[in-house]
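Please go through the model below with the sheet, its covering helices and one buried charge in mind. A short briefing follows the display.

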Amino acid sequence: MSGICSGRVAVVTGAGRGLGRAHALALAAEGAAVVVNDLGAGPGGEGRSASPAERVAEEIRARGGRAVAHGGDIATTEGAASLTALALETYGRLDALVNNAGFLRDRMLVNLGEDDWDAVVHVHLKGHFLPLKHAAAHWRAEAKAGRTPQARVVNTTSGAGLLGSVGQGNYAAAKAGIVGLTLVAAAELGRYGVCVNAIAPAARTRMTETTFPEAMAAPRDGTFDAMSPANVSPLVTWLASAGSDGVTGQVFEAEAGRITVMEGWHPGPTADRGDRWTPAEAGEAVRGLLTGARPPRPVYGAG
């Protein structure tokens, strides 16, 4: 297959369903060989099965593409290391990593158990860190050997991580952490030829279908399916291509036919008295600053 990713090798985590599957299919359609990772767990992280990853890999091969399935747990050192190793052993190279795996265990904070906190932070945040670490180690070695790659990482954050989300304290915290990890990785890995970006997608997945069922429903009249996961994948595919050279440390919101550059935290109104504030003075200053500050966007799920 020819396309903007022709000759490249991409790894996609959580690629057995939803967004990950759409990304894997889109990358393959643009010529990439794809390592399709999926643990095959249930919506809350329960169980495991090799079938989802194998089905997507077979779907790609049936369309004339190249793909291999990986059923390991990428939130473990062994699983993440074997993911990079499988790409190198099968295709001889690794060019792009798309971190997408995750699940939900939603609770209001006062009802959120420690196990539910740990499980969600583990799969989302550690599940981004470990594949990134092992891929980055390979790319650094390549650069030091004089073979500087055109490597790409696409991480998956969320509107919940950027703006907060009622009932999703564990998920929002993990997704906010992914933004921080993205910024650090972009700064550290640029010297080795690696561009690192993140997307905040809005699409129909197992996670969003239950959380926002009405908003995520597919239209029945044949009109544009704004919540199709495939709408997000063109941006992911371009970010994974060599053509995205120089684009790094960015967060993009992707929904339906819209792409937005998220501008993050920037200094707003400031007061400086040149000396220490008293608590009362600090409070008065803050009240004044807030009158000139940009109001916060609504929190996801509020109301």
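Helix H9, residues 233-240, lies across strands S4 (96-98), S5, S6, S7 and S8. Helix H9 runs at about 150 degrees to S5. Keep in mind that this is a predicted model.

**Helices on the sheet**
- A further helix, H6, spans residues 169-189.
- Helix H6 lies across strand S5 (151-156), strand S6 (194-202) and strand S7 (251-255).
- The angle between H6 and S6 is about 160 degrees.

**Sheet layout**
- The sheet is open and has eight strands.
- Their order is S3-S2-S1-S4-S5-S6-S7-S8, with mixed pairing.
- Strands S3 (67-70) and S8 (258-262) each have a single partner strand, so they stand at the edges and one side of each is left without a neighbour in the sheet.
- From one strand to the next, the twist averages 20 degrees.

**Two parallel pairs**
- Strand S2, residues 33-37, runs parallel to S3, and four bridges join them.
- In this pair, Val34 stands opposite Ala67 of S3.
- Strands S4 and S5 also pair in the parallel sense, over three bridges.
- Here Ala96 faces Arg152 of S5 across the pairing.

**Strand S5: how well covered?**
- Six of the six residues of S5 are buried.
- Both faces of S5 are covered.
- One side carries Ala151, Val153 and Asn155, all buried.
- The other side carries Arg152, Val154 and Thr156, also buried.

**Arg8: a buried charge**
- Arg8 sits in the segment before strand S1 (9-12).
- Which side chain of opposite charge is nearest to buried Arg8? It is Asp95, at 4.0 Å, yet Arg8 has no salt bridge.
- Backbone oxygens do approach the side chain of Arg8. That of Gln150 is reached at 2.7 Å.
- The backbone oxygen of Asp95 lies 3.3 Å from a polar atom of the Arg8 side chain.
- Beyond its neighbours within four places in sequence, Arg8 contacts residues including Gly31, Ala32, Ala33 and Arg66.
- Its contacts also include Asp95, Gln150, Ala151 and Arg152.
- Ala240, Ser241 and Ala242 are among the contacts of Arg8 as well.

**Points to look for in the display**
- Find Arg8 and trace its side chain to the backbone oxygen of Gln150.
- Then locate Ala151 and Arg152, which are on opposite sides of S5 and are both in contact with Arg8.

Methods: Residues numbered from 1 in each chain as written. Predicted model: local features only at pLDDT ≥ 70, side-chain atom pairs only at ≥ 80, totals over all residues. Heavy atoms only, no water. Pairing = 2+ DSSP bridges. Axes fitted to C-alpha atoms, helices over the stretch in contact; angles between N-to-C directions. Contact = heavy atoms within 4.5 Å. Buried < 20%, exposed > 50% of the residue type's maximum accessible area, 1.4 Å probe, protein only. Lys, Arg positive; Asp, Glu negative; His and termini not counted. Polar contact = N/O pair within 3.5 Å; in protein donor to acceptor, adjacent residues only side chain to side chain.
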